[in-house]
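User: I have just opened this model and would like a slow walk through it. Could you take my questions in turn?

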Amino acid sequence: MNTQLPPLRTGGAQGYLRIATEEAFAIPEMVEIYRGMLAEPDVDPGVQSLLGFYFTHESERARWVRERLLDLGEQRIADMDERGIDIQVLGLTSPGVQMLAADRATALAELANDRLAQACARYPDRFVGLASCALQEPDKAARELERAVTRLGMKGVIVNSHTLGEYLSDPKFWPVLEAAEALDVPLYLHPQTPPKSMIGPMVEAGLDGAVFGFGVETGFHALRMITAGVFDRFPRLKLVLGHMGEALPFWLYRLDFMHGAQVRSGRYDVLKPLQRGPVSAYLRENVWITCSGMAWEPAIRFSQDVLGVDRVLYAMDYPYQCPADEVRALDAMGLADDDKKRFFQTNAENLFKIAGGAAA
């Protein structure tokens, strides 16, 4: 019996384009910087756990991922074609520049943006770029974001969660949020390794990475931004969360109940009333989520139900998780044709301003 599956098609033959919105790349200079950090005696435990595997290990999986991260050419395009992916929205892989000293982080972000812009120019119908910026120097980061968007054609900015253990709820980082709002580009808050203050018990259990720890830390980061009033200060700021919103949609009821109860009781001085209602209001008005690493119809349909069909986007999580079978499973979801096209194509086109293919 021939059990070979039919090839996945690109070009919208199935009634929609597949735009994958959380796809990673690296540049050799970044890999070498982090390899140097791994050789230091006091290396951060999260860096050791994450990059000690992907950047130095010689297992088949580590080598495969490493090679794909560094490829912004024909191999990546071939992998996209094999999986039926029409367009990748590319961001600098975790931890990006977030774990570096300020001068090195700023220089690396600028270099990564230039390299990504070159790749997007070579493949204008296949690649869309998200800018990197070094929050260690917020004013410079805001200027680099403006350069990347207005001169290099980037469609958003990626921040690999905390910056040396600090969060975007801190007003010192707000020049970057102000720039993103003014430029009307989304900020993709992507996971990275939890900081030293959080990671210990997770490493002991082997649960610090994508299996659990990434989502816990990034979901906490996003929730912290909401409860700190970031979106009251920047009401038009667009935030993107991967991995089905790092589980926040599934906590909406309890987040609203407990946050409201704590504000009313005055239990924590740091928690103040929010201007636009409960936590869920901000998730529905300022946040978009992608299904990166979560090719699971029940979770996708639930999130569409509670957040809205215009708020949930397709993503693959290449090269970390990219089986073609996951694409086939999502193609087969029991969604109305219009909703399926929103999920795979038009929500991404609207959010990232991709019109008529990535070239626009």
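User: To start, how many salt bridges does the count come to?

Analyst: The count comes to 21 salt bridges, where a salt bridge is a side-chain nitrogen of Lys or Arg within 4 Å of a carboxyl oxygen of Asp or Glu. Please keep in mind that this is a predicted model, in which local features need pLDDT of at least 70 and side-chain atom pairs count only at pLDDT 80 or more, while totals for chains, interfaces and linings use all residues. Residues are numbered from 1 along each chain as its sequence is written, and side-chain values use heavy atoms, with hydrogens and water left out.

User: Which residue does Arg 126 form a salt bridge with?

Analyst: Arg 126 is paired with Asp 81, and their closest N and O atoms are 2.8 Å apart. This pair links distant parts of the chain, since Arg 126 is in the loop between H5 and strand S3 (127-129) and Asp 81 is in helix H4 (residues 74-83), 45 residues apart. Helices (H or I, at least four residues) and strands (E, at least two) are DSSP runs, numbered from the N terminus.

User: And is Arg 126 buried or exposed?

Analyst: Arg 126 counts as buried at 17% relative accessibility, whereas Asp 81 is partly exposed with a relative accessible area of 34%. Buried here means under 20% relative accessible area, exposed means over 50%, and partly exposed is in between (1.4 Å probe, protein chains only).

User: What about Asp 114, which side chain does it meet in a salt bridge?

Analyst: The side chain of Asp 114 meets that of Arg 147, at 3.1 Å from N to O. Here too the pair links distant parts of the chain, with Asp 114 in helix H5 and Arg 147 in helix H6, 33 residues apart. Asp 114 is partly exposed at 29%, while Arg 147 is buried at 19%.

User: Where do Arg 301 and Glu 297 sit, and how are they separated?

Analyst: They are four residues apart in helix H14 (residues 297-307), and therefore about one helical turn separates them. Their salt bridge has its closest N and O atoms 3.4 Å apart. Arg 301 is partly exposed at 36% relative accessibility, and Glu 297 is partly exposed at 26%.

User: Changing topic, how many cavities of 30 Å³ or more does the structure hold?

Analyst: There are two cavities of 30 Å³ or more. A cavity is a set of points, on a 1 Å grid over the protein atoms alone, where a 1.4 Å probe fits but cannot get out, and its lining residues have an atom within 4 Å of a point. Grid points are joined across faces, edges and corners, and a volume is the space filled by probe spheres set on the points. The largest cavity holds about 50 Å³ of space, and the second largest about 40 Å³.

User: Which residues line the second largest cavity?

Analyst: Its lining is made of Thr 106, Ala 109, Glu 110, Ala 134, Lys 140, Ala 141 and Glu 144. Helix H5 (102-122) and helix H6 (138-150) each supply at least two residues of that lining.

User: Now the backbone: where is a peptide bond cis?

Analyst: One such bond runs from Ser 94 to Pro 95, with omega near 0 degrees, and Pro 95 is found in the loop between S2 and H5. Another cis bond, also with omega near 0 degrees, runs from Tyr 318 to Pro 319. Most residues other than glycine have a negative phi, and most peptide bonds are trans.

User: What phi does Asp 184 have?

Analyst: Asp 184 has a positive phi of about 60 degrees although it is not a glycine, and its place is in the loop between helix H7 (174-183) and strand S5 (187-189). Ala 247, likewise not a glycine, has a positive phi of about 80 degrees.

User: Last one, which residues is Gln 345 in contact with?

Analyst: Leaving aside neighbours within four places in sequence, Gln 345 is in contact with Tyr 16, Leu 17 and Ile 19, contact meaning heavy atoms within 4.5 Å. Gln 345 lies in helix H16 (residues 337-352) and is buried, with a relative accessible area of 10%.

Technical notes. 1 Å grid on protein atoms, 1.4 Å probe; cavity = no way out; pocket = protein on both sides within 12 Å on 5 of 7 lines; lining within 4 Å.
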